[in-house]
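Morning, everyone. Please have a look at this one with me. I will keep it short.

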Amino acid sequence: MEQDLLEKYQNVVENNPFAAAIGLEILKIREGYAYARVRKRKKLENIYGDIHGGCLYAVADNMAGIAASTCGHYVTTVNGSIQYLKAGRNTEYIFCEAEVIKSGRTISVVSVRIRDDQNRLLNTAEFTFFHLKKRELSVEITE
């Protein structure tokens, strides 16, 4: 079940030109949760050789949106805020974990953490999404 969902959402990423250009690779996904990585590459760096803050924000926004959409709706970002705690340097990958902390009738709120490959916390973020129409890739809960 999770593998099928993982493939479907990775396909969504690959059909999103911006997310594909960043190199977003989803590693885990379930209802209300998404976890991915991005390989650090020269084209994602700033002048100092660190992962560009805009790239980090884009990764956080994309992953938060994916996590929110697993609850059953297409979503659009209403608000997002990120805290840059540590530079993204001396790492091969960054890892982004997004978790829905509220999924209501019309909005979702998602908490995000980005870490490097030494598990050092680089960023925290929070995003609010407005729910659009129902999503066909929603997670089915089976007991």
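I will go through the sheet, then the helix packed on it, then the pocket, then one glycine. Keep in mind that this is a predicted model.

Start with the sheet. Six strands make it up, and it is open. Read across, the order is β1-β2-β4-β5-β6-β3, with antiparallel pairing. Which strands stand at the edges? They are β1, residues 25-30, and β3. Each has a single partner strand, so one side of each has no neighbour in the sheet. From one strand to the next, the twist averages 20°.

Now the β1 end. β1 and β2 run antiparallel and are joined by five bridges. In that pairing, Arg 30 sits opposite Tyr 33 of β2. The hairpin of these two strands has two residues between them. Look at Gly 32 there: its phi is positive, near 80°.

Move one strand over. β2, residues 33-39, is joined to β4 by seven bridges, again antiparallel. Here Tyr 35 faces Glu 97 in β4.

What packs on the sheet? That is α3. This helix touches β1, β2, β3, β4, β5 and β6. Its direction makes about 140° with that of β3.

α3 turns up again at the largest pocket. That pocket holds about 330 Å³ of space. How many residues line it? The count is 18. Nearest the centre are Asn 16, Asp 61, Asn 62, Gly 65 and Ile 66. Four elements give two or more residues each: α1 (2-14), α2 (17-22), α3 (53-69) and β3. The largest share is from α3, with six residues. By character, the lining splits into ten nonpolar, six polar and two charged residues.

Last stop, Gly 88. You will find this glycine in the loop between β3 (73-84) and β4 (93-103). Is Gly 88 buried or exposed? Its relative accessible area is 2%, and the cut-off for buried is under 20%, so Gly 88 is buried. Who is around it? Setting aside neighbours within four places in sequence, Gly 88 contacts Lys 40, Asp 50, Ile 51 and Leu 122. There is also Asp 116, 28 residues away along the chain. The C-alpha atoms of Gly 88 and Asp 116 are 6.9 Å apart.

To recap: an open six-stranded sheet, α3 packed on it, a pocket that takes its largest lining share from α3, and a buried Gly 88.

Terms used. Residues numbered from 1 in each chain as written. Predicted model: local features only at pLDDT ≥ 70, side-chain atom pairs only at ≥ 80, totals over all residues. Heavy atoms only, no water. Buried < 20%, exposed > 50% of the residue type's maximum accessible area, 1.4 Å probe, protein only. Contact = heavy atoms within 4.5 Å. 1 Å grid on protein atoms, 1.4 Å probe; cavity = no way out; pocket = protein on both sides within 12 Å on 5 of 7 lines; lining within 4 Å. Points joined across faces, edges and corners; volume = space filled by probe spheres on them. Nonpolar A, V, L, I, M, F, W, Y, C, P; charged D, E, K, R; others polar. Pairing = 2+ DSSP bridges. Axes fitted to C-alpha atoms, helices over the stretch in contact; angles between N-to-C directions.
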